[in-house]
Amino acid sequence: MQILMKKIGIFLLATLLLSACGMQDSNMDTMRSNNVGQAGSLARFAIDGNRLYVVDKTSLITIDISTPNEPKKTHQTNIGLGIETIFPYQNKLFIGSEDAVYIYDFSNPDRPELLSRYQHITACDPVVAQGNYAYVTLRSGSGRCPRNINVLEVLDISNPRNPQVVGSVNMLNPHGLGVNGNNLFVCEGNFGLKRFDISNPTQPQQIEFLQDIASFDVIPRSQTLVVTGQNGLYQFDYSQIPMQQLSFISVQQ
Amino acid sequence: MKKRLFQVFCVSVSLFFSCNKPESKLAPDEVEGYKPIYASRNSTNQISQLSPKPLKNPGKIYVYGNFLFVGEKGKGVHIFNNANPSNPVPLSFLEIPANSDIAIKNDYLYADSAGDLLVMNISNPNQVTLVSRLENVIPNTNFQVPPERGFFECVDNSKGIIVAWEKTTLRKPKCRY
């Protein structure tokens, strides 16, 4: 009986995994919009399945939201100091902190397992992932160590237990970033917004630099890009080069 | 208290070495720094949906279906109908004290509020309702420490919960990180 139950369990798991892969390939945007929303790269909340993952300054907290009326904290683990962002991708959580990128596996949702910690000597900001690569921005800023490092780094995460730097691009003052298909967008703070072609994922090629668009964070949807910055909220259609501004909501001065 | 002092000491030491820039450990008479802004716990129990208001200090962004959410750090979330990205229409402002993040699944919006987790039903975005609150589930939020390293006015929990930090001139501050 137990063996039968186990087999059924494995079958169900396999079906789930297969359907999840199917969604990733074809229907990602529909799923996103109907079911779970899409956050910018500076988020501290991430939903996957029936779990909400939250990072505060020091820890990763798992909350079971299968019954929204009765959320339950199921796990909390200490990560380190200066935790800033969380990005869920394919059963993994990419966590950005002031000095490192952490990769957690959450195959067991209530026991996220630390796979690796990729450490920097200086400020390390958000991280996003696509395919076998993760993109991280490092910025030297006020209140942090005065090293002059402003870089976009490409990490090979094909072995998430041992991420390797395989590319880097000098930046001015990078903040949030977003990736979708061959497009990588990097916010350069008050310097503007950059668009890279990443058809070669390890060598991002800059194809646009919008110097008038002060930007902190982006959400690249399938064709449109949402950008937030000090002056307000912009939306672009990026199906062409150059991308076309669709709308702008100004902040109140 | 000893443990806390030890933590502060460790952080100071690590800063000292990582920055290669020795700084005096003595508090100066006057220095730029942050002081906490408190609110009573009671007032943070209120969630209200207000008519749209202008963006002031746009923070985090979130897209859910045809809706766009823009955070106003510490204050709440602006909700837009974004069915047409060429013309996003402001719907309302959701006031959430000491809020920094949201996430949404199946028309339920999850938001932090001063260490609590709030769950709201947004199936009717014009009439958002609070369905549950999990207290003190996020212990170490952005609001417990100042946004930048340096001197700050020490936290006094008896004054309430911290909803923001204000940059100001401090006199002989005893805390730093």
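Which strand is A:V165 found in? I started there, working on a predicted model. A:V165 turned up in strand β13 of chain A, which covers residues 164-170.

**Entry: A:V165**

I next checked whether A:V165 is buried or exposed. It counts as partly exposed, because 14 C-beta neighbours lie inside 10 Å, and a buried residue would need 20 or more. Then I looked up its contacts, leaving aside neighbours within four places in sequence, and got A:E153 and A:L155. I also checked A:T202: it sits 37 residues away from A:V165 in sequence, with 9.2 Å between the two C-alpha atoms.

**Entry: chain A overall**

I stepped back to the whole chain. Chain A has 21 strands and two helices. Of its 253 residues, 44% are buried. I also looked at the contacts in chain A with a separation of 6 or more, and residues 24 or more positions apart account for 37% of them.

**Entry: a hairpin in chain A**

I picked β20 and β21 of chain A. β20 runs over residues 232-237 and β21 over residues 244-250, and they pair in the antiparallel sense through six bridges. The two strands form a hairpin, with six residues between them. I looked for the residue opposite A:D237 and found A:Q244, in β21(A).

**Entry: where the chains touch**

How many residues does each chain bring to the contact? I noted 47 residues from chain A and 43 from chain B. On the chain B side, the elements that each supply at least two residues include α1 (2-19), β3 (58-64) and β4 (67-72). Strands β7 (102-105), β8 (108-113), β9 (116-121) and β10 (129-134) of chain B are also among them. β3(B) gives the most to this side, with six residues. I sorted the chain B side by residue class as well: 25 nonpolar, 11 polar and seven charged.

β3(B) deserved a second look. It pairs with strand β1 of chain A (residues 38-39) in the antiparallel sense, over two bridges. In that pairing I found A:Q38 opposite B:V63 of β3(B).

**Entry: a sheet in chain B**

I followed β7 to β10 of chain B further. These four strands form an open sheet in the order β7-β8-β9-β10, with antiparallel pairing. Why do β7 and β10 of chain B each have one side without a neighbour in the sheet? Both stand at the edges with a single partner strand, so one side of each is left free of a sheet neighbour. From one strand to the next, the twist averages 25 degrees.

I zoomed in on one edge. β7(B) and β8(B) pair over four antiparallel bridges. B:I102 has B:A111 in β8(B) as its bridge partner.

**Entry: nonpolar cores**

B:I102 came up again when I looked up the cores. The largest nonpolar core has 93 residues, and B:I102 is one of those that touch the most other members. B:F69 and B:Y110 are also in that group, as are A:A46, A:I95, A:A134 and A:Y135.

I listed the partners of A:A134, not counting residues up to four places away in sequence. They are A:F94, A:V127, A:V128, A:A129, A:L155, A:I157 and A:P163. A:L155 was already in my notes as a contact of A:V165.

Apart from the largest core lies another one, of five residues. I wrote down B:A98, B:A114, B:F143 and B:I162 as among its members.

Definitions and conventions
Residues numbered from 1 in each chain as written. Chains lettered and ligands numbered in written order. Predicted model: local features only at pLDDT ≥ 70, side-chain atom pairs only at ≥ 80, totals over all residues. Pairing = 2+ DSSP bridges. Contact = placed C-beta atoms within 7 Å. Nonpolar A, V, L, I, M, F, W, Y, C, P; charged D, E, K, R; others polar. Axes fitted to C-alpha atoms, helices over the stretch in contact; angles between N-to-C directions. Core = buried A, V, L, I, M, F, W, Y, C linked by C-beta atoms within 7 Å. Buried ≥ 20, exposed ≤ 12 C-beta atoms within 10 Å, placed from the backbone.
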